[in-house]
Amino acid sequence: MERRTIGTAALAVGAVGLGCMPMSWAYSGSRQRGDESVRAVHRALDLGATLLDTADMYGPFTNELLLGRVLKERRQDAFVSTKVGLLVGEQHIVANGRPGYVRRACDASLRRLQTDVIDLYQLHREDPEVPVEETWGAMAELVQAGKVRSLGLCAMGARGGRRSGSRLYDATIRQLRRVQQVVPVSAVEAELSVWSPEALETLVPWCAARGIGFLAAMPLGNGYLTGTLTPGQGFEPDDVRARHPRFTAEMMAANQPIVSGLRRIAARHGEGVTPAQVALAWVLAQGSHVVPVPGTKQERWVTENATATALRLTAEDLTEASVLPPAQGSCD
């Protein structure tokens, strides 16, 4: 697989990563099977998809424990990214950026992951009660202690404050400027896909200009862009898509032209090329610093996603993808 670099330290990773959250949290709990997920992680590493993206809140904690089963055997094959800063309660999620908590959380993640160092440690969310410089300073201390190799920041929550006419990631860029004064950011993680391209306006180029890696979360649109979902199929109550405005039966039907467009592009590249591979190839084409991190828990989808790196979209393909109908259904 093609290799790409994360940050000025030029940390090398496979051009497509593996989002591990669906293995333990947020998607179809009845279909989460540990052994199957372990096989999927092994398959990703076999194919060169070395970046494994997790967080202590996924589960909570069980996702890191699952990865630890693989890392115990194959730590040298993997690039481990995990996150800190969110606590999960029964009915709520709260931010915690206190330095003491960050230090304890890192030690706990290291134990669960069965490793002595985390390659990329990301701040999941800023704690509004703690200056972000204090949180970032504690994370920088972990780098100095040799527990962490590099630091990243998630911009995933930016859309929650979205207002009509405002630029989606301006607040995130202001936050990045602040933490850059403490210690450099190696990577930023935010949503980027054919149906959620907003990061291309400011955030992706901002990272490119500073040698910062961009981890594209949800590059397959929570599974919609794979073309495998049927409008009106319904989702389990614990599946995040059951409450997502774009996954109502009406909106899934309304957004079918997007998948149809991906199918047309795929057909030009021969039998066996899928809409998902086109969607990932589109993300890969947005910059050499961009690494899509599709989430899955099955070997077959890991294989399909990883082999998308061999697909080279033409200028015609990229133009056609860029003028697909905008997604209907608010993301807020």
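## The opening hairpin

In this predicted model, the side chains along strand β1, which covers residues 3–6, alternate between two faces: R4 and I6 point to one face and are buried, whereas R3 and T5 point to the other and are not. This is in keeping with a general pattern, for in a regular strand the side chains alternate between the two faces of the sheet.

Strand β1 is joined by 4 bridges to strand β2, residues 11–14, and the two strands run antiparallel. Within this pairing, R4 of β1 has V13 of β2 as its bridge partner. The hairpin of β1 and β2 has 4 residues between the strands, and in this hairpin G7 takes a positive phi near 75°.

## The parallel sheet

An open sheet is formed by 8 strands with parallel pairing, and their order is β3-β4-β5-β8-β9-β10-β11-β12. At its edges stand β3 (18–19) and β12 (290–293), each of which pairs on one side only. In general, strands of a sheet pair through backbone hydrogen bonds, either parallel or antiparallel.

Two of the pairings can be followed residue by residue. Strand β4, residues 51–53, pairs with β5 in the parallel sense over 3 bridges, and the bridge partner of L52 in β5 is V80. Strand β8 (residues 118–123) is joined to strand β9 (residues 148–154) by 5 bridges, again in a parallel run, and here I118 has V148 of β9 as its bridge partner.

## Strand β5 and its surroundings

Strand β5 is largely enclosed by the rest of the structure, because 6 of its 6 residues are buried. Both of its faces are covered, with F79, S81 and K83 buried on one side and V80, T82 and V84 buried on the other.

One of these residues, S81, has a side chain that is joined by a polar contact of 3.0 Å to the side chain of Q122. The latter residue is placed in strand β8 and is buried, with a relative accessible area of 0%. Leaving aside residues up to four places away in sequence, Q122 touches a set of residues that includes S81, T82, K83 and V84, together with D53, M139, G152, L153, C154, E189 and L215.

## R75, before strand β5

R75 lies in the loop between α2 (62–74) and β5 (79–84). Its relative accessible area is 17%, so R75 counts as buried, given that the cut-off for this class is under 20%.

The side chain of R75 takes part in two polar contacts described here: one of 2.7 Å with the side chain of T115, and one of 2.9 Å with the side chain of D119. When residues up to four places away in sequence are not counted, R75 touches V80, T115, V117, D119 and R149.

## Backbone features in the loops

The loop between β4 and α2 holds P60, which is joined to G59 by a cis peptide bond with an omega of about -5°. F61 is placed in the loop between β4 and α2 as well, and F61 has a positive phi of about 75° although it is not a glycine. With a relative accessibility of 40%, F61 counts as partly exposed.

Q114, in the loop between α3 (99–113) and β8, also has a positive phi without being a glycine, here of about 55°. Q114 counts as partly exposed, at 39% relative accessibility. Elsewhere, G232 is found in the loop between β11 (213–217) and α7 (249–254); its C-alpha atom is separated by 7.0 Å from that of T248, which is 16 residues apart from it along the chain. Not counting residues up to four places away in sequence, G232 touches A249 and M252.

## Helices α8 and α9

The axes of helix α8, residues 256–267, and helix α9, residues 275–284, come within 8 Å and cross at roughly 90°. The two helices are therefore roughly perpendicular to each other. Their contact is made by L262, R263, I265 and A266 of α8 and by P275, V278 and A279 of α9; by class, it has 6 nonpolar, no polar and 1 charged residues.

Helix α9 is mostly covered, since 10 of its 10 residues are buried, among them Q277, W282 and L284. The elements that cover these buried residues include β1, β11, α8, β12, α10 (299–306) and α11 (315–322), which brings the account back to the strand of the opening hairpin, β1.

Key: Residues are numbered from 1 along each chain as its sequence is written. This is a predicted model: local features need pLDDT of at least 70, side-chain atom pairs count only at pLDDT 80 or more; totals for chains, interfaces and linings use all residues. Side-chain values use heavy atoms; hydrogens and water are left out. Two strands pair if DSSP finds at least two bridges between them. Buried means under 20% relative accessible area, exposed over 50%, partly exposed in between (1.4 Å probe, protein chains only). A polar contact is a pair of N or O atoms within 3.5 Å; within protein, one must be able to donate a hydrogen and the other to accept it, and residues adjacent in sequence count only if both atoms are side-chain atoms. Contact means heavy atoms within 4.5 Å. Axes are lines fitted to C-alpha atoms, for helices over the stretch in contact, and angles run from 0 to 180 degrees between N-to-C directions. Angles under 35 degrees count as roughly parallel, over 145 as roughly antiparallel, 65 to 115 as roughly perpendicular and the rest as oblique. Ala, Val, Leu, Ile, Met, Phe, Trp, Tyr, Cys and Pro count as nonpolar, Asp, Glu, Lys and Arg as charged, and the others, Gly among them, as polar.
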